[in-house]
Amino acid sequence: MILFDFSYQNHESMSSSAAVATATLKKYRTHHIRSWHEYQRTAPSHLHSIEHYNADCEEHAKLYDARVMVLRDHVTKITGWYWTTGCPAQNCADTDGYVDVRTGKKYSLHGETDSFFNEIK
């Protein structure tokens, strides 16, 4: 004999499971890239670190609808500073592709199969 429990608690867990399944099937419609160059141009120099950049990108992603893929540069190393007349000092950095800020999925700069454009429908 099979008994079904339709209590509020089970209904709530079934709805959250359905929401998770729907969220994973959802496709992005467009994208926005929060680049390292843009970040360091506007952030105070004492916040120019990979950790601060990643945290700032997560906060920045909250400004966009869930259908907008928010990407950040995958900064692997800060390599130094350069100065130009009339502009703030900027860090040079090595980057290796992009990262989806919300999911953490990494995309390379080269290649058709792992391009973030494949996620946008």
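Relative accessible area sorts residues into three groups: buried means under 20%, exposed over 50%, and partly exposed in between (1.4 Å probe, protein chains only). The model discussed here is predicted, so local features need pLDDT of at least 70 and side-chain atom pairs count only at pLDDT 80 or more, while totals for chains, interfaces and linings use all residues. Residues are numbered from 1 along each chain as its sequence is written, and side-chain values use heavy atoms, with hydrogens and water left out.

Now for the charged pairs. Side chains of opposite charge can pair when their charged atoms come close. Five salt bridges turn up in the structure, each one being a side-chain nitrogen of Lys or Arg within 4 Å of a carboxyl oxygen of Asp or Glu.

One of them links Glu59 and Lys62, with 2.9 Å between the closest N and O atoms. Glu59 comes out as partly exposed, at a relative accessible area of 47%, whereas Lys62 reaches 63% and counts as exposed.

Another salt bridge brings together the side chains of Arg34 and Glu38, at 3.1 Å from N to O. Here Arg34 is buried, with just 8% relative accessible area, and Glu38 is partly exposed at 23%.

Asp65 and Arg67 also pair up through their side chains, in a salt bridge of 2.9 Å, N to O. Both partners are partly exposed: Asp65 has a relative accessible area of 39%, and Arg67 has 37%. Elsewhere, salt bridges with shared partners tie Arg34, Glu38 and Asp56 into one network.
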